[in-house]
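I opened my notebook to look up how one strand sits among its neighbours, and then how the whole chain is built.

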Amino acid sequence: MATEALGWWGVPLGILAGTLRGSVPFLLVSLGECLTEKSGKINLGLEGTLLFGAMSAYAISYLSSGIVGPTLAPWLGVLAAGVAGMVLGSIHGWLSQQPRVNDVAVGIAMIIFGGGLANFFGKPFIQPQAPHLPTLPIGGWSDLAPVQSALQISPLFLLGVAIVPLMSWFFKSTRWGLYVRAVGDSPDAALAMGISIFWVRMASIVAGSFLAGIGGASLSLFYPGVWTERISSGQGLMAVALVIFARWRPWQCLWASLLFGGAQALGPAFQSVGIDSYYYLFNAAPYILTLVIMIITCSPKRTLAGAPGALGQDS
Amino acid sequence: MASTTAWRRFAQRPLRESLESIALPIGAVLAALVIFGVFCALAGANPLAVYGSIYKAAFGSWSAWQNTLIRASPLMLTALCTALPARLGLVIIGNEGALVVGGLAAVLVGLGLGGTLPGGLVLLAMALGSLVAGGLWIMAAGALRHYRGVNETISSLLLNYIAIALMNHLVQGPLRDPAFVSKPSSYEIDPSAWLGTLPDTRVHWGLIYGLVASALAYILIQRTTFGFAARTAGGNVRAARIAGLPVGKLTLAVCFLAGSCAGLAGMVEVAAVQKRLNESIVSNYGYAGILVAFVARHNPLATVLVSVLLGGILAAGGILQRSHNLPDATVLVFQGIVFLCVLYSESLYGRFAFFQEREVEAEGAVVAG
Amino acid sequence: MSDRNRAFGFSRRQVVRGLLASSAFGLTAKFGTGCAQSPSTGGDAAADGAAPEELVVGFIYVGPKDDYGYNQAHAEGAAAMVANVPGIRLVEEANVPETTAVAETMRSMIEIDGAKVLFPTSFGYFDPHILNMAKEFPDVQFLHAGGLYQEGVHPNNVGSYFGYIDEAQYVAGVVAGRMSKSGKLGFVAAKPIPQVLRNVNSFTLGARSVNPAATTQVIFTGEWAEPVKEAEATNSMADQGIEVITCHVDSPKVVIETAEKRGVYTSGYHADQSSLAPKGYLTGAEWDWSSIYTKLGQDFMAGKTLMAGDIPHILRGGLADNFCKLSPYGPAVTDEAKADGDAAAAGIKSGDLVIYKGPLKTNTGDEVLPADKEMKTNNVELEKMDYFVEGVIGSVS
């Protein structure tokens, strides 16, 4: 079982691997939130959706593996996670569009509600092993086991990457994309165009929650590949924040997610090569890095560049 | 538009309006209890017995009330960290981080001065330290917003993680008390600088801090020119600038006050509960405070009531596990349902003819409605 | 494993339900008296209750009680106590943070449920929360996992029980040292507290007893439960060619599964995780709380108390006293490694083998013990450990 030591090469490799594994939930949640926010509503509750999705995926994959076999079961799990996300999303979509109801407040309540449901129903699934999603080994060219392992790509990662240009194209070039942007930017104009603001927002929120639910499936069925109550530990909330960082652009969501996923691996990778002090600060690297980049790239003149006009307004 | 009609209604008919604003939240909580009861019944517990237990554990006796108030007091302070900037139109969620740096400052001051000065003075210095540290922490988010255009929601969220990492780093290294073995912690502050409990209770002075801070915040926002200026700027920044209001200074000042409230909560946690600094100070008071602020619609008096409600729910969490064999996550589900219902009830203002007519003054119909 | 739990869960639920139904009125009555009773009059309550019909025992956990790790080990022990000792009613509360929340939970268990014995199981509950409550309720016994009790300093109704699980880690280290060709071992740790450091050191000393060149790389995740960091730590160790990985975090499942995927041997912690790694699981250090909790339960029912002195204030034990045990060897373990492991376990049980024996140095070169000195397992100095021994790669701060 011996593998060869990589030494200092372990750090860039760890970051690369972390980028490919750790970025998937960030990517899917931030894309989902990007779609949601483009329609003019914020869904902070995706942290709860992520948890509920992770639990649903794991539970369904475990329960169905006896019936449909271990190849199909995790895919059923992914589907279940998406549907679970849609259920929570439709609650958020309906409630946050009631008069005088604030979407941020509903989102925070949904974090608690979604997380509570996930933990409540998830108790029996902490211990058993559910079949995981398969991965694509694209590192076969290398003799080094660490390289092969780092280049295990999840199909959900590919799905996320494929959605990026699609979503970009959707917003720019399709009629439905125009509807979403119109509803998000100037609801009055959208109303004049005869678009149902309620249903466009509802659809955007539900679709966004579907993606976030699948992000949860990537946590429990790909990496780290377990269901525990601490599985997300704030990743959903952070992914929502990354959308602002990414200025509501799908491509930038991708870069932000990769940056964040990679930076997560810094602390452990540094310790493994002997830099063993300051690991709390290394573990905080993704947050510090994001803040520094924002301070550098923002300017007071274009605070809201790219921000949907109706964001943060009560309906 | 809705708000101006609400205002007119309020000005003209205060009695009926206030009746509505009491009945709707109560109705929402009752509706939440019904939904939660169904949930419990599905989970195999008797809803009526569950209600009885919740009441008994949260509000059923003086002892239960103390339990509720102990849990509510940090929330009153952390809620202000979101509620005050919200008046300026800022969404600050850095409550947890401000609480942690407040606790950190309090411990540094307490360790530096403890034993050398009378306890009361040390406590005062600790409180000042936590006010300044927490205030500067959130003011940084406000300043980044004003001078660099950095979104305050994301920067304050990031600052949470940074504050917690800084605290963990310090209690594991420079501040660590090697004799305290159960978790990496700072040294203990001198017993003379511990914050005690209110006479004849087990509720610590943090409750008074929370009540006083909330009252002051209410007066500041609703009854002073400063508060008026902040509310104006929050309503329309451009108009405020044209009117000559110093938006930048207002942003910094409000953010400072907001952060200092959460910082004070950190000081209370250190001086009254833990007596030293360690990871236990990170226990979700900050995030819960955000929810409290939003549910209370950023009204500093309503935050007190919502804090007590949440405190009661948290106090009842244990009995659900112990007496009804429900999993520990049940209290989260309950909390989620209550707050979703309360938020929904906001949309019902003005929908009941009942509250628009002078003759009828009973309360029951809202529940039925 | 899962079947066993389910069986426990079922019986526990039945017991609780049954008792609840039969004593609904009793509960309310107790609640009334619990409130009226001032703490100072509590002292003679134990004397009055000469023939208690049931004894209420409260267990408090810091995380979910089915985490497949630290908390579950305690919860299974509690379930065993109820199953083995008639007359005990169990009340449990999980996910209780180490703040005023745990103080309120203890109070509520005492006042509302009438608990006379409490087991707040998290290490961090002790100071200040257990100490405060123990002063206020002198007739209630507080038993805490961890050797923190100090005679004369802490209240008389507080007791510590502590398992020397590092003895099991030493044996696991012996097996790991034999199974690794290069001698490179890894340890995923949460926080550098003495208990964790002791496990790392004992594991390393075990490995070095059979392979003096063995080293243990430590990675701290900084949190007791942080699955993504644990998986990253395991992966970076595998990248560095580490051959055996063990851990001290609340739920070892992520570490064990990730290591198995990477084709690296693992050694478990807290509970038997062999089913998670059918190829690479070597052995593991497990708690065995059932025996100690059953023993304590019998003592309580026999009327023994900490206050009267017939339950010792410090209960400590290792492999010999069934406080901990080793997972059965996995299929990969060679006969040679098994023989060495068994020999080490036998030596520890008989007391012939002392883990901390001079000459012993820290990994920064300071002397821990000169050549002629040793520290036996029950030496309290070991519970204040703030160093890594030679052979550990890592730093405690």
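I looked first at strand pairing, and in this predicted model I found that β5(C) and strand β11 of chain C (residues 314–317) run parallel, joined by four bridges. I noted that strands here are DSSP runs of E with at least two residues, that helices are runs of H or I with at least four, both numbered from the N terminus, and that two strands pair if DSSP finds at least two bridges between them. For C:G163 I read the bridge partner in β11(C) as C:G317. I then turned to strand β4 (residues 141–145) of chain C, which also pairs with β5(C) in the parallel sense over four bridges, and there C:H144 has C:S160 of β5(C) as its bridge partner.

Next I checked burial, where buried means under 20% relative accessible area, exposed over 50%, and partly exposed in between, with a 1.4 Å probe and protein chains only. I found six of the six residues of β5(C), residues 158–163, buried: C:V158, C:S160 and C:F162 lie on one side, and C:G159, C:Y161 and C:G163 on the other.

Last, I looked at chain C as a whole, and I recorded twelve helices and 17 strands, with 63% of its 397 residues buried.

I kept a note that residues are numbered from 1 along each chain as its sequence is written, and that chains are lettered from A and ligands numbered from 1 in the order in which they are written. I also noted that local features need pLDDT of at least 70, side-chain atom pairs count only at pLDDT 80 or more, totals for chains, interfaces and linings use all residues, and side-chain values use heavy atoms, leaving out hydrogens and water.
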